Amino acid sequence: MTAGHPHETARDVMHPGAECLSLHETLDRAAQMMRDRGVGALPVCGPDDRVVGIITDRDIVIKCVAQGHDPASVRAADLATGLVSVTPDTPIQEALDQMERHQIKRLPVVESEHIVGMITEADLARHLPDDQLAEFVHRVYARD
């Protein structure tokens, strides 16, 4: 949190907008989209553009490639499970608590089941004081 703003919300910290990956897209396409956009995660959306999950670069490596699966044949739907998200009005401390509790480094910000932004480590580094950022990093990476 920036000094003097103790009630900052997810909206204040998030990077607005995030392009969804369709449930039917393959993981090789997801990797290409990540490369082209310079991101490490993509929200996964159903046919109604509602967020159902998130795929990270690590998911592709650990849950697909390292298991001997072909990323050109595995679909986003196969990995997009258990969405953890916050709303734009969620206090930033609550968002941090969610990230720590679930050991995640990227947090979708969802409004009416549609993605409106993403909170990443880079966003936190820009907005949190050094001591709070250090504590967050320690708690999330301590179990890696």
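Five bridges join β3 (41-45) to β4 (51-56), and the two strands run antiparallel. Strands count as paired if DSSP finds at least two bridges between them. Helices (H or I, at least four residues) and strands (E, at least two) are DSSP runs, numbered from the N terminus. This is a predicted model, in which local features need pLDDT of at least 70 and side-chain atom pairs count only at pLDDT 80 or more, while totals for chains, interfaces and linings use all residues. Residues are numbered from 1 along each chain as its sequence is written, and side-chain values use heavy atoms, with hydrogens and water left out.

**The β3-β4 hairpin**

β3 and β4 form a hairpin with five residues between them. D49 sits in the turn and has a positive phi of about 65°. β3 also pairs with β2 (21-22), in the parallel sense, over two bridges. The table lists partners across these pairings and one from the β1-β6 pair.

| Residue | Opposite residue | Strand named |
|---|---|---|
| P43 | I54 | I54 in β4 |
| C45 | V51 | V51 in β4 |
| L21 | V44 | V44 in β3 |
| P16 | G117 | G117 in β6 |

Both hairpin strands are well covered. Buried means under 20% relative accessible area, exposed over 50%, and partly exposed in between (1.4 Å probe, protein chains only). In β3, five of five residues are buried. A41, P43 and C45 point one way from β3, whereas L42 and V44 point the other way. In β4, five of the six residues are buried, so β4 is largely enclosed by the rest of the structure.

**A41 in β3**

A41 belongs to strand β3. Its relative accessible area is 7%, so A41 is buried. Contact means heavy atoms within 4.5 Å. Leaving aside neighbours within four places in sequence, A41 is in contact with M34, I54, I55, T56 and R106. A41 and I119 lie 78 residues apart along the chain, and their C-alpha atoms are separated by 11 Å.

**Helix α2**

Helix α2 covers residues 27-37, and its buried residues are L27, A30, M33 and M34. These four cover an arc of only 110° around the axis, which puts them on the same side of α2. The arc is that of the directions from the helix axis to the C-beta atoms. Elements that cover these buried residues include β2, β3, β4, α3 (57-63) and α4 (76-79). The face turned away from the buried side carries the exposed residues R35 and D36. Just after α2, G38 takes a positive phi of about 70°.

**The second largest pocket**

Pockets were found on a 1 Å grid over the protein atoms alone: a pocket is an open set of points, where a 1.4 Å probe fits, with protein on both sides within 12 Å along at least five of seven lines. Lining residues have an atom within 4 Å of a point. Grid points are joined across faces, edges and corners, and a volume is the space filled by probe spheres set on the points.

The second largest pocket holds about 330 Å³ of space. Its lining has 19 residues, and H15, V39, A41, M118 and T120 lie nearest its centre. β3 and α6 (121-127) each supply at least two residues of this lining. α6 gives the most, with four residues. The lining divides into seven nonpolar, five polar and seven charged residues. Here Ala, Val, Leu, Ile, Met, Phe, Trp, Tyr, Cys and Pro count as nonpolar, Asp, Glu, Lys and Arg as charged, and the others, Gly among them, as polar.

**The β1-β6-β5 sheet**

Three strands form an open sheet in the order β1-β6-β5, with antiparallel pairing. β1 and β5 (107-111) stand at the edges, each with a single partner strand, so one side of each is left without a neighbour in the sheet. Two bridges link β1 to β6 (residues 114-119).

P16 is found in strand β1, which spans residues 15-16. Its relative accessibility is 56%, so P16 counts as exposed. Not counting residues up to four places away in sequence, P16 touches V116 and G117. P16 and D123 are 107 residues apart in sequence, yet 11 Å apart in space, C-alpha to C-alpha.
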